[in-house]
Every structure is written in structure tokens, then in C-alpha cells.
Amino acid sequence: MNNIIEEIENKISARNLTFTRKPIIIGGKAMEFYGMRKGADIDLVICNEDYQKNIRKVPR
């Protein structure tokens with residue numbers, strides 16, 4: 001299970017994203033973490049401050 005968290009941390013780091021508060025993992029990767037199914041994407045719930053700081057770093 002820790003490899004899922006490591007994968008998420010690596011992808012966040014690769015995009016140079018930073019957070020003032022820890023993001024909440026939801027969606028596919030959360031389901032993978034809990035053994036429900038394989039998740040392909042990473043969905044995060046973040047505060048507005050972190051959103052504003054990181055929005056230009058992520059392609060749409």
C-alpha cells in the first residue's frame with residue numbers, strides 16, 4: 001500500500017507542486033489504496049490557497 005503513496009508523492013514532486021496543508025486523496029488512487037480497484041488518475045482535494053499557488057503548474 002505504501003507504494004501508492006510513494007507514487008503520488010513522486011508525481012506531485014515531479015510537477016513541483018507544493019501545499020500548505022496536506023491534500024486529501026480521493027477517486028481512483030484512494031480506491032486503489034483501499035483495495036477496491038486499480039486507479040489510473042490522482043484526484044486531490046486542496047485548499048483555495050494551494051489551488052491558486054499551483055494552478056499554473058498543471059496542464060488542463
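This is a short tour of a predicted model, with suggestions for what to select in your viewer and what you will find there.

**Stop 1: helix α1**

Start by selecting residues 2-14, which make up helix α1. Now show the side chains of K11 and E7. They meet in a salt bridge, with N and O 3.3 Å apart. Why can these two reach each other along the helix? K11 and E7 are four residues apart in α1, so about one helical turn separates them. Colour the pair by accessibility if your viewer allows it. K11 counts as partly exposed because its relative accessibility is 41%, and E7 counts as partly exposed too, at 25%.

**Stop 2: E32 and K38**

Next, select E32 and K38. These residues form another salt bridge, and their closest N and O atoms are 3.2 Å apart. Is E32 buried or exposed? E32 has a relative accessible area of 13%, so it is buried. Its partner K38 has a relative accessible area of 63% and is exposed. Keep both residues on screen for the next stops.

**Stop 3: helix α3**

Move on to helix α3, residues 48-54. Select D50 and K53, which lie three residues apart, or about one turn of this helix. Their side chains meet in a salt bridge of 3.4 Å, N to O. D50 has a relative accessible area of 0%, so it counts as buried. K53, with 36% relative accessibility, is partly exposed.

Which residues are joined into one network by salt bridges that share partners? Select E7, K11, K29, E32 and K38 together: these make up the network. You will recognise the K11 and E7 pair and the E32 and K38 pair from the earlier stops. How many salt bridges does a search of the whole structure find? The count is five.

**Stop 4: a nonpolar patch on the surface**

Switch on the surface and select I24, I26 and V45. Together they make a nonpolar surface patch of about 250 Å². I26 sits in strand β1, which covers residues 24-26. With a relative accessibility of 38%, I26 is partly exposed.

**Stop 5: the largest pocket**

How do we look for a space that no atom fills? Rolling a probe the size of a water molecule over the atoms shows where empty space is left.

To find the largest pocket, select R15, L17, I42, L44 and V58, the lining residues that lie nearest its centre. The pocket has a volume of about 460 Å³, and 19 residues line it in total. Which elements give two or more residues to this lining? They are α1, β2 (43-45) and α3. Try colouring the lining by residue class: you should get 12 nonpolar, one polar and six charged residues.

**Stop 6: the second largest pocket**

For the last stop, select I5, I8, E9, I12, K22, P23 and I25, which line the second largest pocket. Its volume is about 190 Å³. Which element gives the most to this lining? That is α1, the helix where the tour began, with four residues. Coloured by class, the lining shows five nonpolar residues, two charged and no polar ones.

Definitions and conventions. Residues are numbered from 1 along each chain as its sequence is written. This is a predicted model: local features need pLDDT of at least 70, side-chain atom pairs count only at pLDDT 80 or more; totals for chains, interfaces and linings use all residues. Side-chain values use heavy atoms; hydrogens and water are left out. Patches are made of residues with over 30% relative accessible area and no salt bridge: like charges are joined within 9 Å, nonpolar side chains (Val, Leu, Ile, Met, Phe, Trp, Tyr) within 5 Å. Accessible areas come from the Shrake-Rupley method with a 1.4 Å probe; for residues, only the protein chains shown count as cover. A salt bridge is a side-chain nitrogen of Lys or Arg within 4 Å of a carboxyl oxygen of Asp or Glu. Buried means under 20% relative accessible area, exposed over 50%, partly exposed in between (1.4 Å probe, protein chains only). On a 1 Å grid over the protein atoms alone, a cavity is a set of points where a 1.4 Å probe fits but cannot get out, and a pocket is an open set with protein on both sides within 12 Å along at least five of seven lines; lining residues have an atom within 4 Å of a point. Grid points are joined across faces, edges and corners, and a volume is the space filled by probe spheres set on the points. Ala, Val, Leu, Ile, Met, Phe, Trp, Tyr, Cys and Pro count as nonpolar, Asp, Glu, Lys and Arg as charged, and the others, Gly among them, as polar.
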